[in-house]
Amino acid sequence: MRRLLASSIASSVGVACATALALPLTLPAAAATASPAASRAGFVPAAARYDLPGSTRSLPLRPLGQRARDRAIASPAAGELGLTRRDVRRFSMVGVVWDNPDTELHGRVQVRTRATRSGVWSGWQNLETHNDDAADPGTAERTSGRVRGSTAPLWVGDSDGVEVRVRAEGGTRTKASAPRTRAASTAAALPSGLRLELVDPGDDTGGEGGPAVELHGMPAGAPRTGALGAESAEALAASAANADVAPLGATEIPALSRAATERELRGLGDSELTGAQRAKPYIGPRPRIITRRGWGADEKLREKGFVYTKKVKVAFVHHTSSGNGYSCSQAASVIRGIYRYHVKSMGWRDIGYNFLVDKCGNIYEGRAGGVAKAVLGAHTLGFNGNSMGVAVLGSFGSHKPPAAALRAISRLTAWKLGLYGANPRGKAYLKSGGGNLYRKGKNVRLNVISGHRDGFATACPGTQLYRKLGTARSTAARYQGR
């Protein structure tokens, strides 16, 4: 697609936005109304409340198991930090962050929470401490000074009480991607600046005492049209980035037949395909994609402008490690929580993944910049350039991924890789930006559909999901007509 390397298109988007400001929006039926299958899956996008208010509360962790007068002078070397059981404002996602993004937390992080409706406390739940999704070393996003180390976020549902404990297991070490220093090697047992992050993704249930409503606070069957003039410039820019595949303000990009997808591809003048590939393209039918507007992204949270690489050669598959205890009707809330955690808690410019998939097979636009474009993400440290990241909501170390999610991965990659002439069963070379598997500058031969662990030493995307990637490659290639 557009051959823009690490550049912003904010100015060009501004022109489109200015035009949009002057025009009321009426969405076509295909983009405004969810399909019956989508409704059964629990997701009906709605335009009227696209950026639901949310919040993030950050609480510093304190030494546990000591007398109160000693806690103020105790250091993380004491080996256990946390917070005792307490009442807090409502939240649905939780994580732990610390000051240095290049410091690993070697230990166990556990939380338990109190459900708002029942008042019942959960058992202790583990947070994944090795959260290895990240921008490449040396990039502006990585070196902004705002980035922090973190656990993966955990979805806990509507809660108003929390307790947390962090126990050290061995000494702190720096990540392999960071240079080792004497100071780092003699650091305390736990990273400095440990804080609990409580994320409220925004109320999409109609509010306390309100009526039962569909996702995003819209009653079933309510009109899904709106006036773009009432929205922020950032929201207009995010929508305009998809102008080549959807009307401004669309809450979803509808699925196309294969013939229609091929016609659309031939009309994209900046496609990477050669003349022969245009004549007989290998591309899967475009799947239905819920836009950022559709899942309720607050566009004012992210940095302005978009950053692109040259093309998409490899798709990295991830899991979010956020747990499997969500319903598909809650998926948009989970994504808003991850988005807020990535930006407000971890310090990234936007959500790290290019796409997300829920357990019912719904596909969501991730990082802003256009679903058909080569948007630079922050998903596979060292290999974000010329790649895309697809994250399945959930944890799949021991849990098998749903068949619907696997089909969605295959459909999405067949289409997106097809835009760039990539064979899902093939191999491609990417140059490492630096990581714990490959040195910076090394050309690495990867599967066109790879798991996160193929580019970085991590458990992601979980053993059970990783085992299914061979099937995803074959299915995606079949969708492309190979």
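This is a short walk through a predicted model of a protein, from the overall fold down to some strand pairings and salt bridges.

Okay, some housekeeping before we look around. Because the model is predicted, local features need pLDDT of at least 70 and side-chain atom pairs count only at pLDDT 80 or more, while totals for chains, interfaces and linings use all residues. Residues are numbered from 1 along each chain as its sequence is written, and side-chain values use heavy atoms, with hydrogens and water left out.

So, the big picture. The protein has 13 helices and 19 strands; those are DSSP runs numbered from the N terminus, H or I with at least four residues for a helix, E with at least two for a strand. There are 482 residues, and 57% of them are buried. Buried here is under 20% relative accessible area, exposed is over 50%, and partly exposed is in between, with a 1.4 Å probe and protein chains only. The accessible surface comes to about 18900 Å², and carbon and sulfur atoms account for 50% of that; this is the Shrake-Rupley method with a 1.4 Å probe, and for residues only the protein chains shown count as cover.

How about contacts along the chain? Taking contacts between residues at least 6 apart in sequence, 78% join residues at least 24 apart. A contact is heavy atoms within 4.5 Å.

Now go to strand β4, residues 80–98, and keep your finger on it for a minute. Two strands pair, by the way, if DSSP finds at least two bridges between them. Which strands pair with β4 in the antiparallel sense? One is β3, residues 62–63, over two bridges, and there P63 has L81 as its bridge partner. Another is β8, joined to β4 by nine bridges, with D87 partnered by G161. Then there's β9, residues 195–200, with five bridges; V96 is matched with L196 there. And β7, residues 149–150, pairs with β4 over two bridges, where V97 stands opposite S150. As a reminder, strands of a sheet pair through backbone hydrogen bonds, either parallel or antiparallel.

D87 comes back when we turn to salt bridges. The structure holds 19 of them, a salt bridge being a side-chain nitrogen of Lys or Arg within 4 Å of a carboxyl oxygen of Asp or Glu. What does D87 pair with? It forms a salt bridge with R114, with the closest N and O atoms 2.8 Å apart. R114 sits in β5 (residues 107–115) and D87 in β4, so this pair ties together parts that are 27 residues apart in sequence. Are the two ends buried or exposed? R114 is buried at 18% relative accessible area, whereas D87 is exposed at 58%.

Stay on β5 for the next one. R112 forms a salt bridge with E163, closest N and O atoms 2.7 Å apart. E163 is in β8 (residues 154–168) and R112 is in β5, so the pair ties together parts 51 residues apart in sequence. E163 is buried, at 14% relative accessibility.

A third pair is E252 with R288, at 3.2 Å between the closest N and O atoms. E252 is in strand β11, R288 is in the loop between α8 (275–279) and β12 (289–290), and the two are 36 residues apart. E252 is buried at 3% relative accessibility, and R288 is buried at 16%. There's also a network of salt bridges linking R292, E299, R302 and D350.

That strand β11 takes us to an open sheet of seven strands, with mixed pairing and the order β11-β12-β15-β14-β16-β13-β19. Its edge strands are β11 (252–253) and β19 (449–451), each pairing on one side only. Inside that order, β14 (355–357) and β15 (363–365) pair antiparallel over three bridges, and V357 stands opposite I363.

Two helices to finish. Helix α13, residues 469–479, lies across β13 (314–319) and β19, running at about 165° to β19; axes are lines fitted to C-alpha atoms, for helices over the stretch in contact, with angles from 0 to 180 degrees between N-to-C directions. Helix α11, residues 403–418, has 16 residues and reaches 22 Å from its first C-alpha to its last, close to the expected 22 Å, where the expected span is 1.5 Å times one less than the number of residues. And 13 of its 16 residues are buried, so α11 is largely enclosed by the rest of the structure.
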